[in-house]
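Trainee: Could you take me through this model and show me how each label is earned?
Mentor: Gladly; let us start from a single side chain and work outwards.

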Amino acid sequence: MSVVAPNRSFPFTDKDGYADGERVRRWIEEVTRITNQSASPSVTPTRVTVATYTTVSTDEVIFYNTDAQSSALTLEPGTLGRTMKIINSGTSGNNLTVDGNASEKVMGATALFTLLDVESLIITYDTTDGWM
């Protein structure tokens, strides 16, 4: 960017010494970098309608329709940092119970965790605390 006077051009410099729009260019590059890092790839949700289901490594978002019956979801063996979102998409009063693999905890307990109609749960596995 330049300030133009008759027959003369004066380069613009801001108070920190960035000339000719350099600050704006760097800001745009940084915003683009951050946006590209945080943009998640598209996720294909898993849709489940059967009474029992065990998650697999490709499950990220699970829509579990419990309209036909109460249902049970068993989580795969946990891997550090693995995150899933589970949604009971049913609306007929049937619960979805979520169970950890073997003795793995879900939300701090080895007991079953229950999702009521239209409730959701986002959980991440930690080797100390289990699925939280």
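Mentor: The side chain of Asn 88 lies 3.1 Å from the backbone oxygen of Leu 115. This is a predicted model, where local features need pLDDT of at least 70, side-chain atom pairs count only at pLDDT 80 or more, and totals for chains, interfaces and linings use all residues. Residues are numbered from 1 along each chain as its sequence is written, and side-chain values use heavy atoms, leaving out hydrogens and water.

Trainee: What makes the approach of Asn 88 to the backbone oxygen of Leu 115 a polar contact?
Mentor: A polar contact is a pair of N or O atoms within 3.5 Å; within protein, one must be able to donate a hydrogen and the other to accept it, and residues adjacent in sequence count only if both atoms are side-chain atoms. The distance here is 3.1 Å, so the pair qualifies.

Trainee: Why is Asn 88 called buried?
Mentor: Buried means under 20% relative accessible area, exposed over 50%, partly exposed in between (1.4 Å probe, protein chains only). Asn 88 has 0%, so buried is the right word.

Trainee: Which residues does Asn 88 contact, leaving aside its neighbours within four places in sequence?
Mentor: Contact means heavy atoms within 4.5 Å; the partners include Tyr 64, Thr 66, Leu 96 and Leu 115.

Trainee: How do you know that β6 and β8 pair?
Mentor: Strands are DSSP runs of E, at least two residues, numbered from the N terminus, and two strands pair if DSSP finds at least two bridges between them. Strands β6 and β8 share four bridges, in the parallel sense, so they pair. Leu 73 stands opposite Val 98 in β8.
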